[in-house]
Amino acid sequence: MTYDTTRRTVLLATGATGAVALVAACGGGGDGNGSTSTVSPTGKETTDAPAGQELASTDEIPVGGGKIFKNEEVVVTQPEQGQFKAFSAICTHQRCLVTTVSDGTINCPCHGSKFRIADGAVAHGPATRALPAEQITVEGNSVRLT
């Protein structure tokens, strides 16, 4: 008996293969210290720090500006005195790492996208989506990634 290959058969086989790959990629392997190793959107392997990692002291984040933490792929801004915000440092246009914070914007060098330091919204394209917010806490003089 012979079986004809149908579009449905090909799609089901492709979906099953993808699901197996996804499950395998999500498997454990942690080292028990609360950190995990992953491949970042920029293609480099990074280690997620345990929750509460100190990024900087508050005086390292300029008012009206910000600071980029390349290893953590996060940018912390201080739009107004005492108001701290954090966003992904990966541009939503083509996933380049942003490199500067100036004149009230977070700036991507790849194609010129700019994002507002107050809310991560697009100030200048080609990006069309805001930078995703990241979670930080400010305790005393310490800015921590949570």
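1. A word on pairing before we start: two strands count as paired here if DSSP finds at least two bridges between them. Strand β11 (residues 136-139) and strand β12 (residues 142-145) pass that test, with antiparallel pairing over 4 bridges. Please keep in mind throughout that this is a predicted model.

2. Let me stay with that hairpin for a moment. Within it, I136 sits opposite L145 of β12, and T137 has R144 in β12 as its bridge partner. There are 2 residues between the strands, and G140 takes a positive phi near 60°.

3. It helps to step back to the chain as a whole. It has 1 helix and 12 strands, and along the sequence the helix precedes the strands, in the pattern α-β-β-β-β-β-β-β-β-β-β-β-β. Of the 146 residues, 32% are buried. The accessible surface comes to about 9000 Å², and carbon and sulfur atoms hold 53% of that surface. Looking at contacts with a separation of 6 or more, residues 24 or more positions apart account for 38%.

4. Where does the β11 and β12 hairpin belong? Both strands are part of an open sheet of 3 strands, in the order β3-β12-β11, with antiparallel pairing. β3 (53-57) and β11 are the edge strands, each pairing on one side only. From one strand to the next, the twist averages 30°.

5. L55 is a good residue to click on, as it is found in strand β3. Its relative accessibility is 12%, so L55 counts as buried; the cut-off for that label is under 20%. L55 and V143 are 88 residues apart in sequence, yet their C-alpha atoms are 5.7 Å apart in space. Leaving aside neighbours within four places in sequence, L55 is in contact with I136, V143, R144 and L145, and also with F69, E72, V74 and V76.

6. A second open sheet deserves a look too. Its 3 strands run in the order β4-β5-β6, again with antiparallel pairing. The edges are β4 (65-69) and β6, each of which pairs on one side only. Neighbouring strands in this sheet are turned by 20° against each other on average, direction ignored. β4 and strand β5 (residues 74-80) pair over 5 bridges in the antiparallel sense, and G65 has Q78 as its bridge partner in β5.

7. What does Q83 touch, leaving aside its neighbours within four places in sequence? The contacts of Q83 are T77 and Q78. Q83 lies in strand β6 (residues 83-88) and counts as partly exposed because its relative accessibility is 30%. The C-alpha atoms of Q83 and V63 are 8.7 Å apart, with their positions 20 residues apart in sequence.

8. On to the nonpolar cores. The largest has 16 residues, and those with the most contacts inside it are I68, V75, V98, V101, I106 and F115. V101 touches G65, G66, K67, I68, V75, I106, N107 and I117, not counting residues up to four places away in sequence. Apart from this core lies another of 11 residues, among them L55, I61, F69 and F84.

9. How many disulfides does a search of the whole structure find? The search finds 1 disulfide, which joins C96 to C110 with an S to S distance of 2.0 Å. The link of C96 and C110 is left-handed, with -110° about the S-S bond. The two cysteines come from distant parts of the chain, 14 residues apart: C96 is in the loop between β6 and β7 (100-102), while C110 is in the loop between β8 (105-107) and β9 (114-116). C96 counts as buried because its relative accessibility is 17%, whereas C110 is partly exposed because its relative accessible area is 36%.

10. Finally, why is C91 not bonded to C108? The sulfur of C91 is 3.8 Å from that of C108, its closest cysteine sulfur, and that is too far for a bond; the cut-off for a disulfide is sulfur atoms within 2.5 Å. C108 is accordingly in no disulfide, its nearest cysteine sulfur being that of C91. C91 counts as buried because its relative accessibility is 1%, and C108 counts as buried because its relative accessibility is 7%.

Notes: Residues are numbered from 1 along each chain as its sequence is written. This is a predicted model: local features need pLDDT of at least 70, side-chain atom pairs count only at pLDDT 80 or more; totals for chains, interfaces and linings use all residues. Side-chain values use heavy atoms; hydrogens and water are left out. Axes are lines fitted to C-alpha atoms, for helices over the stretch in contact, and angles run from 0 to 180 degrees between N-to-C directions. A nonpolar core is a set of buried Ala, Val, Leu, Ile, Met, Phe, Trp, Tyr and Cys residues joined through side-chain atoms within 4.5 Å. Buried means under 20% relative accessible area, exposed over 50%, partly exposed in between (1.4 Å probe, protein chains only). Contact means heavy atoms within 4.5 Å. Accessible areas come from the Shrake-Rupley method with a 1.4 Å probe; for residues, only the protein chains shown count as cover.
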